[in-house]
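Me: Please go through this structure with me, one question at a time. I should like each answer to show its reasoning and to finish on the item requested.

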Amino acid sequence: MAVLGIESSAHTFGAGVVENGAVLSNTKAMYRIESAGMIPSRAADTHSRNAARVVRSAMKQAGIGFDDITAIGYTKGPGIGHCLRVGMLTAKTLSNTLGVPLYPVNHALAHIEIARHLSGFRDPLALYVSGGNSQILGMVSEPSRHYNVYGETFDIGVGNMLDNFARAARLNPAWGSSVARLAAGGHYIHMPYTVKGMDFTFTGLLTCAVKMLSEHKPSDVAFSLQETAFAMLAEATERALLLTRRRNIVACGGVAQSGRLASMLRAMAAQHDSKFFAAPNEYNADNGAMIALVAEKMRNAHVRVPERELTVMQKFRVDAVRLWW
Ligand code: FE2
């Protein structure tokens with residue numbers, strides 16, 4: 001009863017196999033982001049070249065054949081249209097050929113659900129932090145079961161902010177882990193801090209940090225940028241924790257790979273007798289296993305998906321997804 005999941009919303013083409021909630025395989029190939037940033041058509045070309053090899057390697061790693069696949073999931077959105085279509089077409093072709101059902105999966109939901117699944121928490125508050133988005137969410141049952149967004153960025157995702165800063169600081173690769181390396185040993189400089197209730201913004205902080213690069217040591221700027229951005233996220237998450245009276249927090253999405261963010265959230269959770277969990281990095285980075293996990297939940301819940309919904313959606317909010325489990 002294995003389920004194959006295919007992820008292709010941005011720079012990663014991933015394939016993973018899940019059976020009864022256990023991850024049997026998780027493989028991927030990545031488009032290398034150029035200095036000008038991500039070029040959607042080139043990322044999609046790279047995914048097209050890698051798709052068959054990545055899917056085959058997921059099958060091999062899982063130790064199964066195509067006949068063992070009983071359902072397929074793919075990332076419907078949110079993401080980059082060019083990239084999403086490669087995953088959708090790969091999944092549709094396989095689903096038609098094998099005669100198994102196909103499930104469109106919301107990318108943010110998959111990040112949250114795999115973190116929740118691995119944490120063992122039943123009903124945690126989730127901080128979803130990625131390139132494209134930053135949100136604080138929790139599952140609610142009214143009017144129907146879905147993830148409610150308690151707080152979110154008013155402009156760009158924290159990952160996008162860190163990537164932009166990394167490009168301005170000429171770091172290679174230009175993403176958050178390079179900023180974290182540069183920040184080691186840095187000293188704090190005051191930067192703009194913008195939290196409104198449980199929402200936040202990052203563009204003012206980014207503009208200030210980029211300007212400061214010409215006047216301060218890059219390590220001090222990187223350190224201060226990280227401390228400020230993560231403190232904003234921790235403050236908003238703390239407010240949501242107290243408001244919703246939840247006992248557990250999970251962090252998920254690409255930026256949840258940050259050790260500094262995890263340590264801030266863990267310390268904050270401990271102050272409120274709450275537990276904190278972040279999934280291993282392979283599940284916070286974009287991956288196919290998380291898509292397979294949600295597709296398996298949809299299959300087990302007997303969700304019927306009309307053909308017209310087997311599309312891609314570049315903007316696809318997680319709070320628009322009804323949960324059937
Ligand atoms: Fe992601």
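Reply: A definition is required at the outset: a salt bridge is a side-chain nitrogen of Lys or Arg within 4 Å of a carboxyl oxygen of Asp or Glu. The model to which it is applied here is a predicted one.

Me: How far apart are the closest N and O atoms of Arg116 and Glu113?
Reply: Arg116 and Glu113 both belong to helix H3, where three residues, about one turn of the helix, separate them. Both residues are buried. The cut-off for a salt bridge is 4 Å. The pair forms such a bridge, and its closest N and O atoms are separated by 2.9 Å.

Me: Which residue is linked with Glu113 and Arg116 in a network of salt bridges?
Reply: By the rule stated above, the structure has nine salt bridges. Glu113 and Arg116 form one of them. The network that contains these two residues also takes in Lys297.

Me: How many residues apart in sequence are the parts tied together by Asp123 and Arg246?
Reply: Asp123 and Arg246 form a salt bridge, with 2.8 Å between the closest N and O atoms. Asp123 is in the loop between H3 and S6, whereas Arg246 is in the loop between H7 and S11, so the parts that the pair ties together are apart in sequence by 123 residues.

Me: Is Arg246 buried or partly exposed?
Reply: Buried means under 20% relative accessible area. Asp123, the salt-bridge partner of Arg246, has a relative accessible area of 30% and is therefore partly exposed. Arg246 has a relative accessible area of 10%, so Arg246 is buried.

Me: What separation, N to O, is found in the salt bridge of Arg239 and Glu235?
Reply: Arg239 and Glu235 are about one helical turn apart, because four residues separate them in helix H7. Arg239 is partly exposed at 36% relative accessibility, and Glu235 is partly exposed at 24%. Their side chains meet in a salt bridge with an N to O separation of 2.6 Å.

Me: Which protein residues are the donors of the iron ion?
Reply: Along the chain, the donors follow the spacing H-x3-H-x174-D. The donor atoms are NE2, NE2 and OD, lying 2.1 to 2.2 Å from the iron ion. In sequence order, they belong to His107, His111 and Asp286.

Me: How many residues apart in sequence are the parts that His107 and Asp286 tie together?
Reply: His107 and Asp286 are both buried. His107 lies in helix H3, and Asp286 lies in the loop between helix H9 (281-284) and helix H10 (288-300), so the pair ties together parts whose separation in sequence is 179 residues.

Me: With which side chain does the side chain of His111 make a polar contact?
Reply: His111 is located in helix H3 (residues 107-119) and is buried at 1% relative accessibility. Beyond its neighbours within four places in sequence, His111 has contacts that include Tyr128, Cys252 and Met290. The polar contact, at 3.1 Å, joins the side chain of His111 to that of His107.

Me: Which helix supplies the largest share of the largest nonpolar core?
Reply: In soluble globular proteins, nonpolar side chains tend to be buried together. The largest nonpolar core here has 49 residues, and those touching the most other members are Val158, Met161, Phe165, Phe202, Phe230 and Leu233. Elements that each supply at least two residues include strand S6 (125-129), helix H4 (158-168) and helix H7 (218-244). The largest share, 11 residues, comes from H7.

Me: How many residues does the second, separate core have?
Reply: In the largest core, Phe165 is one of the residues touching the most other members. Residues touched by Phe165 include Val179, Leu206, Val221 and Leu225. The second core is separate; it includes Ile112, Phe121, Met290 and Phe316, and its size is 36 residues.

Me: How many disulfides does a search of the whole structure find?
Reply: Cys83 is buried, because its relative accessibility is 0%. Cys252 is likewise buried, with a relative accessible area of 0%. A disulfide would require a pair of cysteine sulfur atoms within 2.5 Å. Across the whole structure, the number of disulfides found is zero.

How values were computed
Residues numbered from 1 in each chain as written. Predicted model: local features only at pLDDT ≥ 70, side-chain atom pairs only at ≥ 80, totals over all residues. Heavy atoms only, no water. Core = buried A, V, L, I, M, F, W, Y, C linked by side-chain atoms within 4.5 Å. Buried < 20%, exposed > 50% of the residue type's maximum accessible area, 1.4 Å probe, protein only. Contact = heavy atoms within 4.5 Å. Polar contact = N/O pair within 3.5 Å; in protein donor to acceptor, adjacent residues only side chain to side chain. Donors = N, O, S within 2.8 Å, 3.2 Å for Na, K, Ca; no water.
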